[in-house]
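Visitor: I'd like a close look at a single part of this structure, along with whatever connects to it. Could you walk me through it?

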Amino acid sequence: RSMTVQSIKLGVVVVREFGEFVDANLDPLCDTLLNLGCLEQNIIIKEVPSLMDVALCGDFFARYTDVDGVIVVAPYESLVGVPPIMYGVMQLQLQWSMVVSVGGVERANDFIDMVLLQNEMAGESRMLDEEPDQEFIS
């Protein structure tokens with residue numbers, strides 16, 4: 001079964017430490033996701049105090065929810081500048097085969113494209129009759 005934009009479930013991690021960035025991006029991001037076809041009830045927003053809490057919140061989404069991906073509402077440059085945080089984000093992507101995007105409203109289209117692509121690739125791996133590694137499927 002192929003995924004549609006309407007079926008995408010996503011987590012949004014709001015980083016309070018970047019208040020001005022969040023104020024300028026959160027509502028436009030959600031509006032854009034809705035305009036692209038995401039359903040409001042499929043958008044779960046969690047707020048964390050600082051950048052250091054991003055990986056933990058992303059891990060929560062991966063382990064305890066059925067989201068297809070996570071958008072971290074924070075300036076991309078802020079994460080790139082902190083290698084341990086980027087490593088944590090990358091580990092979430094690889095361990096859970098889950099899209100994690102960082103930025104603001106400008107990331108909405110790419111995020112949707114990547115979630116759909118990831119779902120397509122997962123479907124292709126099943127068509128190749130390979131057993132997916134169940135331990136790492138979100």
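**Around Lys9 and strand β3**

Guide: Let's start with Lys9, which counts as partly exposed because its relative accessibility is 29%. Keep in mind that this is a predicted model. Lys9 forms a salt bridge with Asp66, and the closest N and O atoms are 2.8 Å apart. Lys9 sits in the segment before β1 and Asp66 in the loop between α2 (54–64) and β3, so this pair ties together parts that are 57 residues apart in sequence. Asp66 is partly exposed too, as its relative accessibility is 45%.

Now on to β3 itself. Strand β3 covers residues 69–73, and five of its five residues are buried, so the strand is largely enclosed by the rest of the structure. Look at which way the residues point: Gly69, Ile71 and Val73 go one way, Val70 and Val72 go the other way, and all are buried.

What about the strands it pairs with? Strand β1 (residues 10–15) runs parallel to β3, and five bridges join the two. If you want a spot to click on, take Val12, whose bridge partner in β3 is Ile71. Strand β4 (residues 99–103) is also joined to β3 by five bridges, and these two run parallel as well. Here you can pick Gly69, which has Val99 as its bridge partner in β4.

Back to the charges for a moment. Side chains of opposite charge can pair when their charged atoms come close. The structure holds four salt bridges, and the one between Asp66 and Lys9 is among them. Another joins Asp59 and Arg63, at 2.6 Å from N to O. Those two are four residues apart in helix α2, so about one helical turn separates them. Asp59 counts as buried because its relative accessibility is 19%, whereas Arg63 is partly exposed, with a relative accessible area of 45%. Asp110 and Arg107 also meet through their side chains in a salt bridge, this one at 3.0 Å, N to O. Both of these count as partly exposed: Asp110 has 38% relative accessibility and Arg107 has 25%.

For a contrast with the buried strand, swing over to helix α1 (residues 19–36), where you'll find Asp23. Asp23 counts as exposed, at 65% relative accessibility. Together with Glu20, Asp27 and Asp31, Asp23 forms a negative surface patch.

Methods
Residues numbered from 1 in each chain as written. Predicted model: local features only at pLDDT ≥ 70, side-chain atom pairs only at ≥ 80, totals over all residues. Heavy atoms only, no water. Buried < 20%, exposed > 50% of the residue type's maximum accessible area, 1.4 Å probe, protein only. Pairing = 2+ DSSP bridges. Patch = residues over 30% accessible without salt bridge, like charges linked within 9 Å, V, L, I, M, F, W, Y side chains within 5 Å. Areas by Shrake-Rupley, 256 points an atom, 1.4 Å probe, with all protein chains shown as cover. Lys, Arg positive; Asp, Glu negative; His and termini not counted. Charge placed at Lys NZ, Arg CZ, Asp CG, Glu CD.
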